[in-house]
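Let's walk through this protein together, a few neighbourhoods at a time. Have the sequence and the 3D view open as you read.

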Amino acid sequence: MSEAPQTFAPPAEFTAQANATADLYETAREQGPEFWAHQARELLTWSKDFTQTLDWSNPPFAKWFADGELNACYNAVDRHVEAGKGDRTAILFEGEPGDTREYTYTQLKDEVSKAANAFESLGVSKGDRVAVYLPMIPEAVITMLACARIGAIHSVVFGGFSADALLSRIEDGEAKLVVTADGSFRRGKPSMLKPAVDKALEKGGKSVTNVVVVKRNKAEVAWVEGRDLWWSDVVDAASTEHTPSVQNAEDPLFILYTSGTTGKPKGILHTTGGYLTQGAFTHKNIFDLKPETDVYWCTADVGWVTGHSYVAYAPLVNGATQVIYEGTPDSPHRGRFWEIVQKYGVSIMYTSPTAIRTMMKWGEDIPAEYDLSSLRVLGTVGEAINPEAWVWFHRVIGGGKCPIVDTWWQTETGAIMISQLPGVTVAKPGSAQQPIPGISIDIVDDLGDPLPNEQPGLLAITEPWPSMLRTIWGDDGRFVDTYWARFGDRYFAGDSAKRDADGDLWVLGRVDDVMNVSGHRLSTPEIESALVSHPSVAEAAVVGATDETTGQAVMAFVILSDEAQGQNLNHEELEQEIRAHVGVEISPIAKPKRVVIVPELPKTRSGKIMRRLLKDVAEDRQVGDVTTLADSAVMDAIVETYKK
């Protein structure tokens, strides 16, 4: 599209009170790594101050604040109590069935101390690994903080993962303890977790000595005497007195596994000092946090990095009050998210483009039923947001007054790397815009040479940053090969991106999301965005399929909006109309070879679209592993529709 994109300046009254000011960029440039030393001292409490900020003598193995000492849990909990803020609410929990719990910082400190004592009584000590397989309940955050308090390394596994996925993570990390629940609730029904742990440990996981089980949905579960223990028996009975252990800034805090394109998952290792520094800095400045008055809600599950950095750690380190919600946006009804915003007076909301697009599809009349006037900052994470969804989120949810921060980062980066600053940036829908102060990013060609504006290339991080991954657990060689081999001293993110004429960054998707059609590089998200801008299309997923003529052909799978579904349209005619629409929006080269109207797209329980399964369909292969899908039957319907 040739016309200049619409822009949105922050309201003057927001700018006047914003935490982040425009001079942060210049300050960070002038100070270099010392910018981060200043943030580390201002935002964290150190039991022993550091004398060296960055040790980059052995790239790509960075050390930040290496001779400093601190404890992540102390920073998240104890220091607020000691500062007289113990009565402030830390967690507002909303269960899917509507049950609620509230924890002040004092109560959270007591619960975490009890869990730490309980885990130590089971033989867990500094450096041991603890696998966490829990729903989005307070015990998930309490477990993570208790591990940090002891110096044990937590490895959280998303509750939607299978027994095999859980086992591979338990075995790779040689976990000593597993913390799980009988189950959870999912769309009004009990869903189970403990059976997957049992199944995993029947097959392996010899390092595990105990399984601690939270009673959540009170379903019957199998029990292994001597190994399995109820949380209520071991944790609730423990003492609330516990002294946090002293950790070095470079001591491991957690391992989080991310799927590799090939072979076994990669255990991304994050350490303590640098990770907490960048997490706290970004949370304070990008969300403009005012801890005395804000109610913050990040809708991510702790099974993903967003739930680590922006639920379990940064908000608590910054003394925030936050909402934690167990369920989905559509249960028991499609207004659930807005009901929660209204109920708790949420002022900062951080969610995913997938969730926003889904709610767009449901229509504006649903959020219109709720009072959303408490909202003042909105954020998105997980993938680039298409401009249509951005504008809808701004207008319908933010009432046209809330700055939106569109954040780019990864499991590996540990914290936000590219984003608007809400009181500073004139926002451009669909673009994450600028590296945050203190972060250095370039767009380069295949040889690593910087590219001019308007030319798509590869996104590389050119300087070390505090929250960077330190290695892949147990595999330094794979760490170097995966992230550093391509450009040597620069980190290659695996994403393609470009700078527009103004120098703003547009993330175009994974490199493997860039299709080469007749020699033209086409971005999957760009085509998906064009598809969704058609009035009849609610959601779209695009894959490149091998094609004899063009090398790759664009194959589009779309879900119709509720309105279009109700009109009983001729699908063949509509498919041609949608194809033509993409041709007009982007270019005739981007026109999908086929548009397939499907009832649903294959999504994981976190809402991520599994495009590789659609690629299997488009290339006429046996459909691959569907175990991580929320509903595996979706693929049968897609295959059937495609063959018609």
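What follows is a short tour of some helix pairs, buried residues and annotated regions.

## Where the model comes from

Please keep in mind that this is a predicted model. The annotations quoted below come from an unreviewed UniProt entry, and they may be inferred rather than shown by experiment.

## Helices α7 and α8

Start with helix α7 (residues 163-173) and helix α8 (residues 194-203), whose axes come within 8 Å and cross at roughly 55°. The two helices are therefore oblique to each other, and α7 passes α8 in a right-handed crossing. From α7, the residues that make the contact are A163, D164, L166, L167 and I170, while α8 brings A196, V197, K199, A200, L201 and K203. Sorted by class, this contact of α7 with α8 holds eight nonpolar and three charged residues, with no polar ones.

## What surrounds α8

Which residues of α8 are buried? They are K194, A196, V197, D198, A200 and L201. The cover over these buried residues includes α7 together with the strands β6 (129-133), β8 (177-181), β10 (189-192), β11 (210-214) and β12 (228-230). Just after α8, G205 adopts a positive phi of about 70°.

R227 is another residue to look at here, in the loop between β11 and β12. Its relative accessible area is 15%, so R227 is buried, the cut-off being under 20%. Setting aside neighbours within four places in sequence, R227 contacts K194, D198 and L201, along with T209, N210 and V211. K194, D198 and L201 are also among the buried residues of α8.

## The annotated binding site and D406

UniProt (unreviewed entry) places a "binding site" feature at D406, T407, W408, W409, Q410, T411, D495, R510 and R521. One of these, D406, belongs to strand β20 (residues 404-406).

Is D406 buried or exposed? With 3% relative accessibility, D406 counts as buried. Beyond its neighbours within four places in sequence, D406 is in contact with T380, I385, I418, S419, Q420, G430, S431 and A432.

## The annotated C-terminal domain and V595

The same kind of record, an unreviewed UniProt entry, gives residues 526-608 as "domain: AMP-binding enzyme C-terminal". This span is 31% helix and 30% strand, and its end C-alpha atoms lie 17 Å apart.

V595 sits in strand β30 (residues 594-597). Because its relative accessibility is 2%, V595 counts as buried. Not counting residues up to four places away in sequence, V595 touches A556, V558, E575, I578 and R579. For a longer-range marker, V595 and I286 are 309 residues apart in sequence, and their C-alpha atoms are 38 Å apart in space.

## Helices α19 and α20

The last stop is helix α19 (residues 611-618) with helix α20 (residues 633-643), which pack at an angle of about 30° with their axes 10 Å apart. That angle makes α19 roughly parallel to α20, and α19 passes α20 in a right-handed crossing.

Which residues of the two helices meet? L613, L614, V617 and A618 in α19 meet M635, I638, V639 and Y642 in α20. By class, the contact of α19 with α20 has eight nonpolar residues, no polar and no charged ones. For the contact of α7 with α8, by contrast, the count included three charged residues.

How values were computed: Residues numbered from 1 in each chain as written. Predicted model: local features only at pLDDT ≥ 70, side-chain atom pairs only at ≥ 80, totals over all residues. Heavy atoms only, no water. Helix = DSSP H or I, 4+ residues; strand = E, 2+ residues; numbered from the N terminus. Buried < 20%, exposed > 50% of the residue type's maximum accessible area, 1.4 Å probe, protein only. Contact = heavy atoms within 4.5 Å. Axes fitted to C-alpha atoms, helices over the stretch in contact; angles between N-to-C directions. Parallel < 35°, antiparallel > 145°, perpendicular 65-115°, else oblique. Left-handed = near helix turned anticlockwise from the far one by under 90°. Nonpolar A, V, L, I, M, F, W, Y, C, P; charged D, E, K, R; others polar.
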